[in-house]
Amino acid sequence: MNPRHSARIGRYLLTFALVVVAVAAIYPLLFTVVSSLKTQSGFANDPLGLPGGITLDNYLEAFRRMNMPRLLLNSLITTVGGLVLSMFAALLVAYAVTKLRFRGGKVVFLLIIVTLTIPSQAIIYPLYQTVLDLGMSGEYQGLILAYAAFGLPLGTYQLAGYFQQIPDELIEAARVDGAGHLTILFRLLAPIAAPALAALAIFNFVWMWNDLLLPLVIMGGSDSKTLMVGVSLLSGQYDVSVPLVSAGLIVALLPVLIIYLVFQRQLVAGALAGSGK
């Protein structure tokens, strides 16, 4: 077969595979949007079809059942708090294990990275017991600390890989000029690692905002519950309205979609940061 024809067939197959993956990824979101615009009877008659008539009643009902402003505030506080704390801790740990060269640093780094392989469900009970012992059940700080703990391993891994690419001579020159560790970290290394920090911030924001397990366990049904927990409570034990829950999900996902669409270039650039160095 002509090499030119083989290359063309290969491109067609790759394009087809990418289209299939894109459709599989986008379809659940489209299904949720379309379902949120249907009545309950319309969804029951044709779950997969287009709505016969568009209605916004599900959105109005979702706002009526949930204290939306309070839930949005709760999600914002816990997400931003967990994001800032996890990234601050990851910066400190990544700098320590890559640039301070202390005894046992590699072991500490490996122990932190190993926790990436542990599913959150496996440690949810000891985590809940720890939160109870600290008196933080149903409190913002309990969920913020949990987010920081779960976000630390990935942040450390990504930032450590980036910091390793930065020459030690640059740090030694800063030390000769009288810079301390915090000055080197936050005024020298952090600006250089800005693409990686941006990608990490976006990724952490998305998963913390969308997370349901940790807020459900730590916050429960308290007044500090997050927006995702509020959406999950829209479905009753014997009455599940898919259009109503879909409307709540769309409202909850809007901030994430906006963040992703605005900062998608930074996410891609940060994910590839340091790969070519």
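# Chatting through a predicted model

Me: Let's start with Arg64. Which residue does Arg64 form a salt bridge with?

Reply: Arg64 forms a salt bridge with Glu61, and their closest N and O atoms are 2.5 Å apart. Keep in mind that this is a predicted model.

Me: OK. Where do Arg64 and Glu61 sit, and how many residues apart are they?

Reply: They're both in helix H3, residues 57-65, and three residues apart, so about one helical turn separates them.

Me: Why does one turn matter for which way residues point?

Reply: An α-helix has 3.6 residues a turn, so residues three or four places apart point the same way.

Me: Does Glu61 have another partner? I mean, which Arg forms a salt bridge with Glu61 at 3.0 Å?

Reply: That's Arg65, with the closest N and O atoms 3.0 Å from each other. Glu61 and Arg65 are four residues apart in helix H3, again about one turn. Put together, Glu61, Arg64 and Arg65 make up a network of salt bridges.

Me: Buried or exposed, what's Arg64?

Reply: Arg64 is exposed, at 61% relative accessible area. Arg65 is partly exposed at 45%, and Glu61 is partly exposed too, at 24%.

Me: How many salt bridges are there in the whole structure?

Reply: Four turn up in a search of the whole structure. One of them joins Lys99 to Asp168, with 2.9 Å between the closest N and O atoms. That pair links distant parts of the chain, since Lys99 is in helix H4 (residues 68-100) and Asp168 is in helix H8 (residues 168-176), 69 residues apart.

Me: What about Lys99, buried or exposed?

Reply: Lys99 counts as buried, because its relative accessibility is 8% and the cut-off for buried is under 20%. Asp168 is partly exposed, at 33%.

Me: New topic: rings. How many aromatic pairs are there?

Reply: The structure holds five. One of them is Tyr27 with Phe31, a tilted pair with 6.2 Å centre to centre and 35° between the planes. Both residues lie in helix H1 (residues 3-36), four residues apart, which is about one turn of the helix.

Me: And how does Phe31 pair with Phe43?

Reply: Their ring centres are 6.3 Å apart with the planes at 65°, so that pair is edge-to-face. Phe31 is in helix H1 and Phe43 is in helix H2 (residues 40-45), so the pair ties together parts that are 12 residues apart in sequence.

Me: So which residues form one aromatic cluster?

Reply: Tyr27, Phe31 and Phe43. Phe43 counts as buried at 13%, while Phe31 is partly exposed at 25% and Tyr27 is partly exposed at 43%.

Me: Switching again. How much space lies in the largest pocket?

Reply: About 390 Å³. Its lining has 19 residues, and Thr115, Ala149, Phe150, Gly151 and Pro153 lie nearest the centre.

Me: Which helix gives the largest share of that lining?

Reply: H7 does, with six residues. The elements giving two or more residues are H7 (140-163), H10 and H11 (213-218). By type, the lining has 14 nonpolar residues, four polar and one charged.

Me: Last one, on H10. What span should H10 have, and what's the actual distance between its ends?

Reply: H10 covers residues 194-210, so at 1.5 Å a residue its 17 residues should span 24 Å, and the end C-alpha atoms are 24 Å apart, which agrees. Its buried residues include Leu197, Phe205 and Trp209.

Definitions and conventions:
Residues are numbered from 1 along each chain as its sequence is written. This is a predicted model: local features need pLDDT of at least 70, side-chain atom pairs count only at pLDDT 80 or more; totals for chains, interfaces and linings use all residues. Side-chain values use heavy atoms; hydrogens and water are left out. The expected span of a helix is 1.5 Å times one less than its number of residues. Buried means under 20% relative accessible area, exposed over 50%, partly exposed in between (1.4 Å probe, protein chains only). On a 1 Å grid over the protein atoms alone, a cavity is a set of points where a 1.4 Å probe fits but cannot get out, and a pocket is an open set with protein on both sides within 12 Å along at least five of seven lines; lining residues have an atom within 4 Å of a point. Grid points are joined across faces, edges and corners, and a volume is the space filled by probe spheres set on the points. Ala, Val, Leu, Ile, Met, Phe, Trp, Tyr, Cys and Pro count as nonpolar, Asp, Glu, Lys and Arg as charged, and the others, Gly among them, as polar. Rings of Phe, Tyr and Trp (its six-membered ring) pair if their centres lie within 6.5 Å; planes under 30 degrees apart count as stacked, over 60 as edge-to-face and the rest as tilted. A salt bridge is a side-chain nitrogen of Lys or Arg within 4 Å of a carboxyl oxygen of Asp or Glu.
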